[in-house]
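Here is a short round of questions on how the labels in this structure are earned. Each answer sets a value against its rule.

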Amino acid sequence: GCGAHLIQLRRVQSGFFNLQRALSWETLQRLTLAELGPWLIPMEEALPGTPEVIGNPHLIRKVLTGREMRVGDLCPQSLSEFDSGTVVKITAPGRGLIALLRSEVKQSNIPWNDRNAVVFRPLRVFQSYQ
């Protein structure tokens with residue numbers, strides 16, 4: 001029931017990102033690309049807790065060409081738990097994060113008997129895969 005005001009607000013942490021891993025804008029502008037390397041957070045670390053699909057070369061090629069993943073492309077053992085509409089990351093062994101996908105169905109509702117049912121659609125692709 002009483003009034004108040006805020007003079008300054010400083011976020012000290014958001015998820016696992018905190019001030020100890022942060023750079024000021026001024027410092028960032030002074031750093032060369034080589035000096036910036038140790039401060040960069042790998043994409044896999046930037047998405048902790050995001051459900052993951054571990055892709056084989058066939059699956060990775062499909063994603064890189066913008067095609068959706070169907071039931072017939074997937075291996076049940078390579079899937080984390082996810083809901084319909086969830087953003088899921090796909091990784092390649094030894095290569096890390098390849099892309100972000102959007103799930104079309106809940107993991108527990110995947111129609112394993114319908115090989116052509118779409119399970120994931122690519123949202124963003126991050127790197128090429130040889």
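Q: In this predicted model, which residue of β7 is the bridge partner of R102?
A: The partner of R102 in β7 is R121. β6 and β7 run antiparallel and are joined by five bridges. Pairing needs at least two bridges, so five are enough for β6 and β7 to count as paired.

Q: What makes β5 and β6 a pair, and in which sense do they run?
A: Six bridges link β5 and β6, and the sense is antiparallel. The cut-off is at least two, so the label holds for β5 and β6. Individual bridges can be named. V87 has R102 as its partner in β6. V88 is matched with L101. A92 is matched with G96.

Q: How many residues lie between β5 and β6 in their hairpin?
A: Three residues separate the two strands. G94 sits in that turn and has a positive phi of about 80°.

Q: How do you know that β3 pairs with β5, and which way do they run?
A: β3 and β5 are joined by three bridges and run parallel. I54 stands opposite T91 of β5. With a threshold of at least two bridges, three make β3 and β5 a pair, therefore.

Q: What is the strand order of the open sheet?
A: The five strands follow the order β3-β5-β6-β7-β4, and the pairing is mixed.

Q: Why are β3 and β4 called edge strands?
A: Each has a single partner strand, so one side of β3 and one side of β4 have no neighbour in the sheet.

Q: Why is β6 described as largely enclosed?
A: Seven of its eight residues are buried, so the rest of the structure largely encloses β6. β5 is mostly covered, with five of its six residues buried.

Q: Is A92 buried or exposed?
A: A92 belongs to strand β5. Its relative accessible area is 4%. Buried means under 20%, so A92 is buried. The C-alpha atom of A92 is separated by 7.8 Å from that of P57, 35 residues apart along the chain.

Q: Which residues of helix α4 are buried?
A: In α4, residues 57–64, the buried ones are L59, I60, K62 and V63.

Q: What puts these residues on the same side of α4?
A: They cover an arc of only 160° around the axis, so they fall on the same side of α4. An α-helix has 3.6 residues a turn, so residues three or four places apart point the same way.

Q: Which strands do the buried residues of α4 pack against?
A: They pack against β3 (52–54), β4 (69–70), β5 (87–92), β6 (96–103) and β7 (118–125).

Q: What makes N56 the cap at the N-terminal end of α4?
A: A side-chain oxygen of N56 lies 3.1 Å from the backbone nitrogen of H58. The limit for a polar contact is 3.5 Å, so this distance falls within it. Just after α4, G66 has a positive phi of about 80°.

Q: Is D73 buried or exposed?
A: D73 lies in the loop between β4 and β5. Its relative accessible area is 16%. The limit for buried is under 20%, so D73 is buried. Beyond neighbours within four places in sequence, D73 is in contact with H58, L59, K62 and E68.

Q: Which residues touch the most other members of the largest nonpolar core?
A: M69, I90, V119 and F120 do, in a core of 20 residues. The elements giving two or more residues to this core are α4, β5, β6 and β7. Leaving aside neighbours within four places in sequence, the contacts of M69 include L59, V63, I90, L101 and F120. In soluble globular proteins, nonpolar side chains tend to be buried together.

Q: How many disulfides are there?
A: The count is zero. A disulfide needs cysteine sulfur atoms within 2.5 Å.

Q: Why is C2 called exposed and C75 partly exposed?
A: C2 has 72% relative accessibility. Exposed means over 50%, so C2 is exposed. C75 has 38%. Partly exposed covers the range between 20% and 50%, so C75 is partly exposed.

Conventions
Residues numbered from 1 in each chain as written. Predicted model: local features only at pLDDT ≥ 70, side-chain atom pairs only at ≥ 80, totals over all residues. Heavy atoms only, no water. Buried < 20%, exposed > 50% of the residue type's maximum accessible area, 1.4 Å probe, protein only. Helix = DSSP H or I, 4+ residues; strand = E, 2+ residues; numbered from the N terminus. Arc of directions from axis to C-beta. Contact = heavy atoms within 4.5 Å. Polar contact = N/O pair within 3.5 Å; in protein donor to acceptor, adjacent residues only side chain to side chain. Core = buried A, V, L, I, M, F, W, Y, C linked by side-chain atoms within 4.5 Å.
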